[in-house]
Amino acid sequence: MERVLAARPDVASVPEPRSVGELADRLQRPASVALVLPRLTLPCLQAAEALAALTAASPDELAGLLDAAHGERAHGLAAVLETLADRALVWPDGNGLLRMAAPLRSAWGAPLGLDAPLVQLLAGSNSDELARMLAKLDVKPAAHRKEQRLAALVDHHSDPARVGALVSKAPAATRELLERRAREASDQPGLIMFGSPKVDSTPAERWAVERGLLIRDRYRHGPARMPAEVALALRGADWHAPFTPVPPGVRSVPVTASEVEREAAAASMAFAAHAASVLGVCAAAPPARLKAGGVGARELSRIGKAAQCDELVVRLVLETANAAGLLARDGDRVAATAAYDTWAEREPADRLTALLRAWWALPLTPGGSRDEDGKALPALAGAAPCGGCVQAQHGLLTAAAQLPAGEGAANPADLGELVGWLRPLADELHQDATPFATLIREAELLGALALGAVSPIGAALLTDGVAGNADSGNDADNADNADDAEALGDACRRLLPAASGTARFGSDLTAVVAGTPSAHLHALLDSAADRESAGAASVWRFSPGSVRRALDAGLGPDALTADLAAVAVEPLPQPLSYLIHDTARSHGRVRVVSAACVIHGQEPALLAELAAHRKLAPLGLRQLAPTVLISRTPPGETLAALRAAGYAPVAEETDGTVRIERAQHHRAASPSWVPSPRPPGGRPRTRRTDTRTTKPGTPVDLRALAARLRDAPQEVPEPDPYDGRPYASDTEEIIAGHARNLSFTDVRQLAHAVDEKQAITIEYVATSGNTTVRTLSRLGLDAPYLHAWCHLRDDERVFTLSRIHGVMPT
């Protein structure tokens with residue numbers, strides 16, 4: 001089902017139909033269903049699945065299956081059917097039956113765990129086979145044609161009373177088998193692996209197959225299948241499909257608008273400060289990428305320590321900044337872009353607005369740090385887009401917005417259950433102990449959710465998301481969308497004050513900045529002090545080491561004092577001025593210079609001559625003392641140049657002794673077939689006999705060689721696809737263009753499996769860097785990704801072609 005919905009991950013809204021003709025046109029467009037379906041609530045999907053299981057049913061039959069014939073559940077079903085009809089998904093056909101759009105019906109392979117109906121399972125049976133089933137049931141059709149016999153069999157099995165009476169007469173083993181099969185959910189009925197062995201029926205199964213309670217493939221491949229009519233009859237009249245028309249309750253507490261704004265302002269201000277720090281660290285020292293892709297735990301820890309924030313904040317900043325274009329891959333590192341420089345100069349509200357927009361449309365949950373096996377995941381790993389993650393973000397704020405005005409969730413974690421009801425197709429993280437716990441924490445960090453209620457920022461995101469993502473060709477609509485998009489910027493500017501360009505310096509050698517410091521103030525304080533905390537107020541502390549860092553960067557003590565005084569609210573305290581000048585007095589008393597080698601001697605005049613020699617100028621000689629020179633050229637080249645100029649230098653070892661230069665004689669290793677020399681006075685050493693068939697000196701049959709050369713093909717074999725030969729298929733060429741780690745044989749084998757819908761086994765390197773072996777079926781190619789059913793996870797997964805390192809037949 002996820003594969004059907006993955007056509008457009010950026011589903012946030014669907015424009016309402018403007019006419020009946022447009023509504024009817026949507027019935028023929030599967031893409032429209034893929035846009036609408038993720039935004040349906042849980043009862044809408046439950047009712048649609050039940051209707052897909054019944055194929056064609058009246059509203060009363062659907063209500064009976066859902067146990068929604070009376071009371072509040074009946075009103076809920078009526079509202080659900082109205083919602084589905086408004087979206088052209090389910091509608092009455094005028095004959096008292098409900099019809100469903102074909103794309104919606106195909107979203108479920110086995111609705112309610114039921115297999116296909118009897119008519120579909122017996123489509124390939126012949127008239128004689130149907131006659132034998134009817135004879136076992138003692139049912140006489142109206143005529144002896146296949147159509148009448150099939151209709152009689154369907155009529156018999158559609159009556160739960162007759163099916164129940166028939167099963168009651170079955171052997172005990174057969175009854176147990178049928179009841180178990182009726183309770184169990186069908187796992188992809190009809191999926192037959194190529195080359196699967198034939199299955200022999202047991203006596204219990206054979207009795208049911210003879211009476212049409214189980215249908216076996218005529219070639220006897222795979223297990224017998226239970227028709228949907230039989231399964232529903234065996235489940236009993238008291239069995240009902242799940243239907244939850246009432247959303248889960250969320251315990252709320254009173255909160256005022258001012259309290260929500262104050263909490264949201266503090267959170268968003270802290271996040272804006274952390275974002276500036278994290279991206280500043282990445283701009284100064286770009287994080288390294290793992291070989292498997294992404295930023296690993298070690299780099300995340302380094303960034304978090306330098307920016308003084310936890311890993312969740314670092315991941316959230318990196319993912320949103322990457323989506324906003326502030327970071328980009330640069331070889332084996334992730335570096336800041338030119339857009340980051342512009343972003344860093346903007347006001348805090350504008351910075352936050354850019355990151356919030358990126359988060360709202362981000363097709364993943366940035367805080368996801370563990371996979372389904374509990375292994376660490378890198379950040380910026382380039383995972384496949386996840387439309388369910390976008391729906392989770394939108395569903396969370398939608399859920400919070402449904403709380404009564406002036407109230408917030410007493411426990412924000414309770415919102416997760418409501419998100420699951422509003423957006424049942426939203427993706428949850430395996431690492432969450434409660435539903436959507438990581439996403440809720442992200443919304444709180446960004447200031448979109450505060451005290452369990454939607455903040456002004458969250459309300460602006462909802463307005464922006466509903467209006468801004470709906471594509472429209474109408475100029476008036478586009479103007480309204482622009483106004484709604486500006487609402488987010490206005491909300492951020494209302495909550496976040498302008499950047500502060502001044503600081504308060506204390507006698508304890510600290511500098512305190514209220515609010516978010518400007519880019520200039522941030523850079524100045526970072527250059528001369530160490531930041532201790534960030535948030536609503538940021539604190540820096542001066543020390544001899546931090547002041548020395550500013551002096552090393554080229555600032556003089558007077559210039560540094562003047563720069564700090566320019567941003568100080570009050571005159572600089574004396575302890576800070578004393579610290580700067582005391583540190584400057586000792587700065588540079590010892591100097592360090594780089595040198596490739598050192599030249600020294602006992603005669604100052606000779607060394608002065610070497611330093612002034614024109615032919616030795618390329619060595620880069622510099623006199624540090626009367627008897628000491630340094631050279632920028634390595635020792636070997638320096639020695640050669642001095643000797644070429646007519647001098648006679650000698651080289652020294654590290655301990656000061658003269659190095660003796662002897663000619664080095666290089667010798668090749670002896671071949672393995674050369675016998676070892678005979679030890680003097682002893683027997684020859686034994687050696688393993690050479691196993692080669694052709695020995696030196698063996699005569700060559702010239703006639704046979706000439707015959708082979710004459711009979712050899714005249715045409716040179718064509719090269720493999722990587723050297724110019726056309727590919728066997730488009731699928732093979734597409735896979736070869738993305739799966740760079742596969743050989744030609746593996747590419748051809750994988751392409752064959754995709755084209756022929758066969759299962760395949762691959763060796764896959766996950767984003768965590770771990771290598772696993774997966775057996776895949778139901779392959780779907782969507783380069784650079786491969787959609788498939790993973791038998792290891794028993795779920796549908798998306799695999800990146802470049803991470804596939806081997807292909808094996810299943």
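Helices here are DSSP runs of H or I with at least four residues, and strands are runs of E with at least two, numbered from the N terminus. With that in hand, welcome to the close-ups, which come from a predicted model.

**View 1. Leucine 579 in helix α28.** Helix α28 spans residues 574–586, and leucine 579 is one of its residues. Leucine 579 counts as buried because its relative accessibility is 13%, and buried means under 20%. Look next for phenylalanine 542: its C-alpha atom is 8.5 Å from that of leucine 579, although their positions lie 37 residues apart along the chain. Phenylalanine 542 is buried too, with a relative accessible area of 3%.

**View 2. Phenylalanine 542 and its aromatic partner, phenylalanine 505.** A pair of aromatic rings is described by the distance of the centres and the angle of the planes. The model holds four aromatic pairs. In the one formed by phenylalanine 505 and phenylalanine 542, the ring centres are 6.0 Å apart and the planes meet at 40°, a tilted arrangement. The two partners come from distant parts of the chain, 37 residues apart: phenylalanine 505 belongs to strand β9 (residues 504–505), while phenylalanine 542 sits in the loop between β12 (537–541) and α26 (544–552). Is phenylalanine 505 buried or exposed? With 13% relative accessibility, phenylalanine 505 counts as buried.

**View 3. Two neighbouring tryptophans, 359 and 360.** This close-up shows another of the four aromatic pairs. The ring centres of tryptophan 359 and tryptophan 360 are 6.3 Å apart and their planes stand at 45°, so this pair is tilted. Why tilted rather than stacked or edge-to-face? The angle of 45° is neither under 30 degrees, as for stacked rings, nor over 60, as for edge-to-face ones. Tryptophan 359 and tryptophan 360 are each buried.

**View 4. A salt bridge within helix α24.** Side chains of opposite charge can pair when their charged atoms come close. Here aspartate 490 and arginine 493 do so, with 2.9 Å from N to O in their salt bridge. Helix α24 (residues 475–495) holds both partners, which are three residues apart, or about one turn of the helix. Aspartate 490 is partly exposed at 40% relative accessibility, and arginine 493 is partly exposed at 38%. Widen the view a little and you will find Asp350 and Glu486, which are linked with Asp490 and Arg493 in a network of salt bridges.

**View 5. A salt bridge from strand β11 to helix α26.** The side chains of aspartate 530 and arginine 549 meet in a salt bridge of 3.2 Å, N to O. Because aspartate 530 lies in strand β11 (residues 530–533) and arginine 549 in helix α26, the pair ties together parts that are 19 residues apart in sequence. Aspartate 530 counts as partly exposed, at 36% relative accessibility. Arginine 549 is likewise partly exposed, at 34%.

**View 6. Arginine 162 with aspartate 159.** How many salt bridges does the structure hold? There are 21, and one of them joins arginine 162 to aspartate 159, with 3.3 Å between the closest N and O atoms. Arginine 162 is partly exposed at 34% relative accessibility. For aspartate 159, also partly exposed, the relative accessible area is 28%.

**View 7. Leucine 77 in helix α6.** Helix α6 covers residues 71–86 and includes leucine 77. A relative accessibility of 4% makes leucine 77 count as buried. Proline 43 is worth finding in this view: the C-alpha atoms of proline 43 and leucine 77 are 8.0 Å apart, while the two residues are separated by 34 residues in sequence.

**View 8. A negative surface patch at helices α32 and α33.** Which residues form the negative patch? They are Asp730, Glu733, Asp755 and Glu756. Helices α32 (730–738) and α33 (744–756) each contribute at least two residues to this patch. Glutamate 733 lies in helix α32 and is partly exposed, with 44% relative accessible area.

**View 9. A nonpolar surface patch around valine 658.** Val650, Val658 and Ile660 make a nonpolar patch of about 300 Å² on the surface. Valine 658 belongs to the loop that runs between α30 (635–644) and α31 (702–711). Its relative accessible area of 49% makes valine 658 partly exposed, since exposed means over 50%.

Definitions and conventions. Residues numbered from 1 in each chain as written. Predicted model: local features only at pLDDT ≥ 70, side-chain atom pairs only at ≥ 80, totals over all residues. Heavy atoms only, no water. Patch = residues over 30% accessible without salt bridge, like charges linked within 9 Å, V, L, I, M, F, W, Y side chains within 5 Å. Areas by Shrake-Rupley, 256 points an atom, 1.4 Å probe, with all protein chains shown as cover. Salt bridge = Lys/Arg side-chain N within 4 Å of Asp/Glu carboxyl O. Lys, Arg positive; Asp, Glu negative; His and termini not counted. Charge placed at Lys NZ, Arg CZ, Asp CG, Glu CD. Buried < 20%, exposed > 50% of the residue type's maximum accessible area, 1.4 Å probe, protein only. Phe/Tyr/Trp six-rings, centres within 6.5 Å; stacked < 30°, edge-to-face > 60°.
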